[in-house]
Amino acid sequence: MRTRSAVLYAPGERIRVEEIELDPPKEHEVQVRMVAAGICHSDYHIVVGDLPSYLPIALGHEGAGIVEEVGPNVTNCKPGDHVVLTFIPSCGHCRYCTAGHANLCNMGANILMGPQLDGTFRMHGEKGDIGQMCVISTFSERSVVPDASVVVIGDYYALNRAVLVGCGVPTGVGAVIHRAKVEAGSTVMVIGCGGIGMNAVQGAAIAGARMIIAVDINDFKLEKAKEFGATHTVNSTREDPVQIAKDLTWGLGVDYAFEAIATPATIGQAYAALGKGGTVVVIGLTPYTAESIPVSPLDLVLYQKTLMGTLYGDSQPRYDIPNMLAMYHAGKLKLDELVTRTYTLDQVNEAYADMVGGKNIRGVIEF
Ligand SMILES: [Zn+2]
Ligand SMILES: [Zn+2]
C-alpha cells in the first residue's frame, strides 16, 4: 500500500515527507496506523550525522496508534487494539529479558536502524529500500513493526498523550526510579531539562527527593522544571552549577546527578557536583566521536562515587508503559504539561527546528 513518511536521505539534508510503498506485515509483524509521534532528540543525531545510520531512513521512534493488520503468528495484539510502540523490541525469553532488563534485550541490541528483524525491508521509495528508525518509523502515517515492539494499552487513554510513554517519560523517570533508585529525602541535580531531563526532574519528585536542582541554559525550560518539581534552578550560562550544588548542600555535594545533555563536559560537571557516595547517571546519547569523559578516578575511590549509564531508563516496556499510563490517570505523573506544541507530519522539519531552538519540552506530531 502507499503511505506518507518522513525520510532522511543524507545527514545535513532536510527531512523529506513523501509517499512511499509499505509492504504488508510478515510473520510476527504488525501494521499500525499512527495517531501521534513524539519529537525526540535521538533522531536528530542522525539528521545532523553525529550517529551513524542506514540511509535512507524513515525517522521517528516514539509513537502510538491503532493496529490495522497483523501478520502470521502474532498473538499479543489484534486489529483495532490501541498500542504504544517501544523503540527497543524485546523477545521476553533472552538472558536480559528474563533477568528483568528487557531494555537490553538481544533482539534490540545496538538500537536497530535499518531493515526489519528478518533482514528485509517493508518500506520502499523510488530509489530503493528505506530503513526504519528503531524498526518502528513512527513519523509515518502507517508503519509495519515487529510484534516485539508493540504494547497494547487499552482504548481508555488519548493516544496523543500515551505516545509520551514510548520513549521520553520512561527514559527520564526510569533513570531515577529504576536505575538510580533514588531514596526519599535525597538531593538531586538534573543537567538538561528537555524531554528526557524534565522527566528526570519529574521522577525525582515522584521518588521524594527533598532537593531537585534543575540546570539548563534556557530560562523557559527552567521555569517549566519548577512545575515538574524542581526546588532550585540554575542557568549555567550565568552561574556555575557545580558551585551551586555545593553551596545548597552545605559543601557536601548532591547524592544523585542525572546528565541529559550527553556532552563529556556536562558529564564531568555532574560528576564534580556529587558528594561522597554519590551517583551520576548518564541518560542521553553522546555523538559517536565523543571518547572520554573528564572525571577524577581518585574521586571514584576516595569519595566512593558511582558513574553509570542507562538505556531506556532501565524500563520494562510491557510493565512500565501501562503502569506509567495508570500513574498518569491517578494524577501521579504529568503528561499533558510535557506537550508544548503539536505539528502535522509535513511540519517535521519545523518541529526539529523548534526543538533545537529550545522552544519545546516535547513536540508531538498528530496524524
Ligand atoms: Zn527518544
Ligand atoms: Zn529478550
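**View 1. Two domains of the chain.** The domain assignment splits the chain of this predicted model into domain 1 (2–166 + 335–366) and domain 2 (169–313), with bounds from an automatic or database assignment. Their C-alpha centres are 28 Å apart. Residues are numbered from 1 along each chain as its sequence is written, and chains are lettered from A and ligands numbered from 1 in the order written. Local features need pLDDT of at least 70, side-chain atom pairs count only at pLDDT 80 or more, and totals for chains, interfaces and linings use all residues.

**View 2. Where the domains touch.** Here 17 residues from domain 1 meet 16 residues from domain 2, a contact being C-beta atoms, placed from the backbone, within 7 Å. On the domain 1 side, helix H1 (residues 41–48) gives the most, with three residues. Helices (H or I, at least four residues) and strands (E, at least two) are DSSP runs, numbered from the N terminus.

**View 3. An open parallel sheet.** Follow the six strands in the order E14-E13-E12-E15-E16-E17, with parallel pairing; a pair needs at least two DSSP bridges. Strands E14 (232–235) and E17 (306–309) each have a single partner strand, so one side of each has no neighbour in the sheet. From one strand to the next, the twist averages 15 degrees.

**View 4. Bridges and a packed helix.** Strand E13 (residues 211–216) runs parallel to E14, joined by four bridges; Ala214 has Thr233 in E14 as its bridge partner. Helix H7 (residues 241–248) packs on the sheet, touching E12, E13, E14 and E15. The direction of H7 makes about 165 degrees with that of E13, using lines fitted to C-alpha atoms (for helices, over the stretch in contact) and angles from 0 to 180 degrees between N-to-C directions.

Note on methods
Contact = placed C-beta atoms within 7 Å.
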